[in-house]
Structure formats: structure tokens, C-alpha cells
Amino acid sequence: MILIVMGVAGSGKTTIGKMLARRLACKFYDADDFHSPANVAKMHSGVPLTDEDRAAWLDALARLIGENLANHQSMILACSALKASYRKRLQSRAPRHSNEVQFIYLRITPEVARERTAARKNHFMPPELIASQFATLEEPTDALIVDASLTPTKIVGEIQKKLPA
């Protein structure tokens, strides 16, 4: 099974993804590590990414997902996956009508997201881009939805309760 922990910047994707991967004893990947240097520089300078900017990044992530599925390896991916089209692209390597790729949406308010991103050190996503994240966000209707304002331990517990056995 592939679990994609998604949401806007500051929702806790990396923290929750790493904790969940440890609990489920599977690999963890952070989609931020797959951005091109040009994308990172663009975001760092406060310029939101376009769909065109994200295309190669999403393709690389879809390949990663496909490789793990082909090798029958579970994984957790922390990825914003803000639009339905991005999520569809990430699922493109899974068999049709399969539930092998599942999304976990960490829902958060813009205020909390801004506060959290402002408190982060050494990250390329400035708080000024939070509004663009919410403007791009198409909330999923087919994801496991968790309140990201809870503590990380509670969030991971909620996710584990809701995952199929």
C-alpha cells in the first residue's frame, strides 16, 4: 500500500509521514526532495509554482510510486498534492480501480499554516506562499481526512484507526 500524506505547507506532512512510516515499518519519502533546483529557488524567492513547474516533479513521484508498487513495497509519501489532477497523476501507475494508493489529507486553517511556516527554519517555503497554496488547493473527497491542528501523536493515532487492517 502507498499512503500519500497531503496538504498545504505547514500541515505537518513530513512530521506525520515519518512517524507513520516508523509505526508501519515502511519507507518514507518527502516529495520536497524531488523538486528541481529551479523550483526550489522559485519558491524560496516567494513565487508560486505553476502546473508546468510541477509537471516533471509529479512524473518523478509517479515513477517512484510505480516502482514501489511493482516491487510490492509499501511506502509513505509526504506530498502537497493540492489539485485533483495532481492526485490523479500520482495514482497513474497503480492498477485501475485499485485502492493501493490512498491519500491522507491533513486539513488545517490558513492561520495555523502561516504560523507554522513562519516558525520553520531552513525551509524554502516562505509563509507568503500560504495564500497561493490555499488558492490552489482542491480538497479531496476520497481521502482519509484528519484535523492537522491535533498533536502529531494524535494525528498518527487517528490515521491508524482509520486505515484498513
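These are my notebook entries on the cysteines, the nonpolar core and one strand pair of a predicted model.

Before starting I noted that local features need pLDDT of at least 70 and side-chain atom pairs count only at pLDDT 80 or more, whereas totals for chains, interfaces and linings use all residues. Residues are numbered from 1 along each chain as its sequence is written, and side-chain values use heavy atoms, with hydrogens and water left out.

**Cysteines.** I searched the whole structure for disulfides and found zero, taking a disulfide as a pair of cysteine sulfur atoms within 2.5 Å. The sulfur of Cys26 has its closest cysteine sulfur in Cys79, and because that lies 16 Å away it is too far for a bond. I then looked up Cys79 and found it buried at a relative accessible area of 1% (buried is under 20%, exposed over 50%, partly exposed in between, with a 1.4 Å probe and protein chains only).

**Core.** I looked next at the largest nonpolar core, which has 46 residues, with Ile4 and Cys79 among those having the most contacts inside it; such a core is a set of buried Ala, Val, Leu, Ile, Met, Phe, Trp, Tyr and Cys residues joined through side-chain atoms within 4.5 Å. Leaving out residues up to four places away in sequence, I listed the contacts of Ile4 (heavy atoms within 4.5 Å), including Ile65, Leu77 and Cys79.

**Strands.** I checked β4 and β5 (strands are DSSP runs of E, at least two residues, numbered from the N terminus) and found them parallel and joined by four bridges. Leu106 stands opposite Val146 of β5, and Val146 points with Leu144 to one face, where both are buried, while Ile145 and Asp147 point to the other and are not.

Notes. Pairing = 2+ DSSP bridges.
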